[in-house]
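Trainee: Pick one part of this model and take me through it closely, please. I'd like the surroundings too.

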Protein chains: 2
Amino acid sequence: MLTLFHHPLYASCRFVRLSFGEYGEELALIEERPWARRQEFLSLNPAGTIPVLLAEGDHPIVGATVIAEYLDETRGALKREKRLMAEDSVQRAEIRRLVDWYLTKTEADVTRHLVRERALKPHMSSAEGGGSPDSATIRAARANVRQHLKYTNWLAGTRDWLAGKKLSYADLAAAGALSVLDYLGEVEWRDYPAARDWYSRMKSRPSFRSLLTDRVRGLSPVSHYADLDF
Amino acid sequence: MLTLFHHPLYASCRFVRLSFGEYGEELALIEERPWARRQEFLSLNPAGTIPVLLAEGDHPIVGATVIAEYLDETRGALKREKRLMAEDSVQRAEIRRLVDWYLTKTEADVTRHLVRERALKPHMSSAEGGGSPDSATIRAARANVRQHLKYTNWLAGTRDWLAGKKLSYADLAAAGALSVLDYLGEVEWRDYPAARDWYSRMKSRPSFRSLLTDRVRGLSPVSHYADLDF
């Protein structure tokens with residue numbers, strides 16, 4: 001079994017867990033607090049970021065998209081209909097564009113700030129950047145949530161899955177990000193019916209189960225978080 | 001000839017130009033000011049970011065790493081010894097890790113801030129975020145430059161090329177980032193002899209030529225910028 005250094009409220013780590021889950025492969029999970037800059041962890045990844053996968057031979061594979069490419073090359077390419085990447089290069093670029101959208105753009109506009117202010121700061125020392133939540137940051141991130149839900153709603157309403165006709169990494173990246181926001185109660189699902197319908201399909205996949213039992217110290221998820229009918 | 005929407009002082013755009021250059025393929029360049037959020041450009045890439053490549057059939061390929069994967073799949077895989085990616089999956093992950101390092105981490109710690117404060121703000125309206133350079137931001141970015149040069153110096157001193165035995169995307173990403181910082185005169189090369197030696201090899205490659213003639217309105221490069229012996 002391979003090992004993943006992760007944090008339960010990082011969208012990029014959830015994306016990796018969902019991806020291995022879709023291929024029926026279990027991961028040994030080690031919770032890492034990247035802001036603590038643990039020395040042994042920095043020797044695996046000098047950037048100090050998560051996720052990091054310890055692959056065969058304990059080679060560290062660093063970063064969500066790098067892990068996804070590694071997974072595709074070593075497993076996905078043999079999965080035929082269940083493969084999470086397309087065969088065609090233009091279609092592959094579309095999947096990668098959306099993975100970047102949710103793990104980089106949604107992260108920078110919304111997710112990182114809400115997770116940090118609402119969930120992580122209370123557990124950080126002041127040297128690590130802890131303290132009271134910053135309400136201006138939370139307000140700005142909440143204003144941005146709507147754009148990302150609107151875009152997801154448009155994708156889900158015009159395509160079978162977010163990147164096209166098949167389930168792909170794009171859906172798992174979006175689900176990674178939106179499930180974190182949902183945990184925090186930041187998504188008004190009723191305003192985005194197509195996104196809601198898509199998310200409901202995602203939530204009932206077996207790969208999603210372990211995410212629905214995630215709990216973070218000092219912050220319970222909203223009541224509907226684990227409901228398949230929400 | 002394919003078309004690239006780019007800006008001359010964006011490391012990620014320089015990385016793409018170098019990559020096509022290494023394969024001897026010319027690109028038609030369109031200079032895009034992403035902060036202006038031009039409507040026609042947003043219809044190609046709703047994220048509003050550069051670079052964007054118009055590939056065969058005018059399909060927009062969005063983002064530097066996505067373009068690099070597309071280029072590898074459609075050209076690189078046939079280039080044998082000249083291929084900018086490895087064959088082995090673990091080695092490919094190391095190349096991708098370093099591309100991310102220079103285009104995401106160096107960008108966030110250093111490049112983005114120095115380019116914005118020193119080169120772009122004078123050409124932005126106040127609605128676009130223009131104004132006087134922020135000296136605290138410049139100071140913080142300059143403090144971070146050293147870490148990134150030190151790491152590059154360590155990589156260049158312990159490996160033939162930054163990711164291993166062969167020239168790869170990792171070298172082109174690092175060269176994209178460091179050439180922007182060099183244009184701005186932010187690199188004290190004499191403190192980093194192995195990095196300097198590596199950069200000198202990069203600079204004399206034919207793919208580098210078009211970068212060395214780049215000029216940005218209102219800001220000339222440092223005197224040694226285009227010198228192969230610096």
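Mentor: UniProt positions are given here in this structure's numbering, with shortened feature names, and annotations may be inferred rather than shown by experiment. On that footing, UniProt lists "domain: GST N-terminal" (unreviewed entry) for residues 1-79 of chain A. That stretch is 37% helix and 20% strand (DSSP runs of H or I, at least four residues, and of E, at least two), and its end C-alpha atoms lie 19 Å apart. The model is predicted, so local features need pLDDT of at least 70 and side-chain atom pairs 80 or more, while totals for chains, interfaces and linings use all residues. Residues count from 1 along each chain, chains are lettered from A in the order written, and side-chain values use heavy atoms, without hydrogens or water.

Now the part itself: helix H4 of chain B, residues 89-120. Its 32 residues should reach 46 Å if straight (1.5 Å times one less than the residue count), yet the end C-alpha atoms are only 39 Å apart. H4(B) bends by about 80 degrees at B:Glu107 (the angle between axes fitted to the seven residues ending there and the seven starting there).

At the start of H4(B), a side-chain oxygen of B:Asp88 comes within 3.2 Å of the backbone nitrogen of B:Val90. The interface with chain A takes 21 residues from each chain. B:Val90, B:Val66 and B:Glu73 lose the most area to chain A on the chain B side, together 25% of what that side buries.

B:Arg118 in turn is touched by B:Glu186 (heavy atoms within 4.5 Å), a residue in the loop between helices H6 (169-183) and H7 (193-203) of chain B.

Technical notes:
A polar contact is a pair of N or O atoms within 3.5 Å; within protein, one must be able to donate a hydrogen and the other to accept it, and residues adjacent in sequence count only if both atoms are side-chain atoms. Buried area is the accessible area (1.4 Å probe) that two parts lose on being put together, summed over both. Lists of a residue's contacts leave out its neighbours within four places in sequence.
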